[in-house]
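Please work through the exercises below with the structure open beside you. Each one sets a task and then walks through a solution step by step.

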Amino acid sequence: MTTNTDTFLGLELAPDQLRAVLLDSSQELVGTWVVEFDELEYGTRGGMYTGTGGESEPYTAPVEMWVRALDLLFSRMAGSPTSSSTAGGTYSLNSPTTSSSPSSSPLSTIRAISGCALPSLVFWKSTPLPALSALDPSLPLATWFNATAFSLPNTSVRGERVKDVMARVGGGAREVWVRTGRVQAASKFLESLVSGRWAGMGEAEAWASGMYSPAKGRWDEDVLDIVGGSREEGRRVRGWLGEVQHISAALTISRYLVERYGFRSDTVVAPFTLDVLGTYAGLCPAREDAVLCFGPTDTLIAQISPAWVEANLPALSTGELDMTVVPHPFQHPTEEKRYLALMQNPNTDVARALVRDMYTKSWSAFDRLVAIVPPGGSIGLDDKLFAFSSPSLTLTRFETGVVVPEFRDLRANPRCLVESQLISMRVRWGRAVGKGCFGSTPTPPTKAPIGAMTLPPPLPFDTITSHLPSRLLCTGAAANFPSIANVLCDVFGRRVYVGMSQIDSAQISPHRNAPARGFPGRAALGCALVARWAYGHADTEAQDSGPSRGPFEAAVHAVHAARWESSGGTWARTNVSVSTPTPSLTPTHTSHSLGYSNSGFTPGTPGAGWNSSSPFFGGGSGQATPTLAAPSPSLGLSPSLFNSPQQQTQAASEGQSTLVPISALSIIYPSEKEEGDLDLAQAGLARVADADQDAFLGYASVVGEWVRLEGVVRRGGQV
């Protein structure tokens, strides 16, 4: 049974930071802590090696750095007295502790922990390792788990599938291969350090790995043999991965952390998972909502029909679907099985940053161009422009249906790129609808009569009337841009919502995916909610009918609603920064701004995070910045958008080029005509954009042409 002094910890291993968020039993923010990887003196930039100094392969990170960061994070938390701000951490003025003694540190109040991590792998050596359950608490974790413990000391952080990473290591790094004795997902690596027990691959990670057979309920031996190069090596890979945790029971924290840092010995450790799923938990969508995570890989997530999944398990095994399906990671074994579909577009943040650098030089100008250039880059109905960016960052442009090296009006590039990225999500959603993923009846293909001219197959969905999500819940730095939020709203014809903590954080740091100091990371926040929910199931004193014992989303919303009611309709605290006062919000609060994502990519920081000039991304290093022509009067745009870099730098210093982030709109209360969004407000999400029906119909009318041109791009640009 929870009390008002109980807290719940969420951890997030992001590319650039290790983040921690602490919530109380009412799911109110208590504290945040962060460790910047670059401060640990490993020579990383944005938490990874860029390859510029020859120190390591680009887009890799040292695993030892993650271990040291965990030690440092817990040390900072253990030394956080009430009402204080420590290096890298902020603790709430309303925290449950009342003294700065070790027994009253934040760690002593924690009842449950959960966490998540970026998609990456940890390769352990086959040599004997110290038992996780018998570590000496007088020494830091990095004493035992330093670089010598790993057969691949610097692991890839590109966000690739497990199958692709394993195949690359097996094909090009045989010395690593022969020294390996165990392979863990980064999330399970972190869970093992916290629980003191080896954690096997979770079911969601396994389904997304490309090496698991959902139809058989086990690792796909044929795929493992291909990855390993032989049947014998395939068996070795099977041994490295271990058994998949189909039902992940909650554990208790390691004795080492109890004795070294002062955790309670009965602290529950809930299963850790992928960062994008932690973000999904942080937004806690309703059944008909969809989550869009902007970042290095834009990801659209939604619940799909369990009946459809069970009927299509063989197709999920072959990977022939244009999406990744995983079991819902936050459900009790007694619940009916639920599933999530993940529709992903890679390198989207990098493409936006590339177009920004080529045509505007500032995010403010980028946002203004997307906002004021007409839909499709033209005011005409039949001469729309289209821009496509491939995963290798090759830009392909079309005018009047023909491939062109550049648009006649350069100002159309930012708008057309953003539109194409979001229409891509709309099309992939529609294709899922056409397959029956959301419980609707699949559209049967139309067969042409014998002898008739063969035409391209029709779209498998109706661009106007087919099923769409009820609401779109967004995270990521791109969602800070009012123009992008509005385009997304119009493409899907649905309202867009963003967390109030992100909206307030963007006032301080609008261009970063990472939250400003004192503000919670969305994935870490989601894991803290998971910890609260898991504790409700693990606590034998809780009543069976209590709000924390139901399905995850229902349990979380029940606690949010109770807090909202008891506070008289006050918004939840968005930050615990000493320098930033907690806003006193009302149901019609119109505070501004946003700024978080589950990734560490910082588009506005040259050289940080992903390096768009790297050969890995293709075409980046050879792109010359064009000479921008003077604006023509056809679109009525201001010449000030095309200032020189020197002029823009001067304008930025004068405060003229700062991006003005999104604003929160007032709550729509439920009525007979409106579903409303009170439930989202109770969960700390605010509406930032309303759909325009005419704009939605306009985009619906060009979806067919977009699909045709996408096929042209796939064929190499030949119309």
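**Exercise 1.** Find how many bridges join strand β21 to β22, and place these strands in their sheet.

*Solution.* Strand β21, which covers residues 395–399, is joined to β22 by three bridges, and the two run antiparallel; strands here are DSSP runs of E with at least two residues, helices are DSSP runs of H or I with at least four residues, and both are numbered from the N terminus. Two strands are said to pair if DSSP finds at least two bridges between them. Within this pair, R397 stands opposite V404 in β22. Taking a step outward, the open sheet consists of three strands in the order β20-β21-β22, with antiparallel pairing. Because β20 (385–389) and β22 (402–404) each have a single partner strand, they stand at the edges, and one side of each is left without a neighbour in the sheet.

The model is a predicted one, in which local features need pLDDT of at least 70 and side-chain atom pairs count only at pLDDT 80 or more, while totals for chains, interfaces and linings use all residues. Residues are numbered from 1 along each chain as its sequence is written, and side-chain values use heavy atoms, with hydrogens and water left out.

**Exercise 2.** Determine which strands helix α12 lies across, and at what angle it runs to β21.

*Solution.* Helix α12, made of residues 348–359, lies across β20 and β21 and runs at about 70° to β21; axes are lines fitted to C-alpha atoms, for helices over the stretch in contact, and angles run from 0 to 180 degrees between N-to-C directions. Helix α14 also packs on this sheet, where it touches β20 and β21, and its direction makes about 65° with that of β20; contact means heavy atoms within 4.5 Å. As a further step, follow α14 (residues 412–435) to β16, β17 and β19 (339–346), across which it lies, running at about 145° to β19.

**Exercise 3.** Decide whether the residues of strand β1 are buried or exposed, and identify its partner strands.

*Solution.* Strand β1 (residues 7–13) is mostly covered, since seven of its seven residues are buried, where buried means under 20% relative accessible area, exposed over 50%, and partly exposed in between, with a 1.4 Å probe and protein chains only. T7, L9, L11 and L13 point one way, whereas F8, G10 and E12 point the other way. On the parallel side of the account, β1 pairs with β7 (residues 110–117) over seven bridges, and L9 has I113 as its bridge partner. Seven bridges also join β1 to the antiparallel strand β2 (residues 17–24), and the two form a hairpin with three residues between them.
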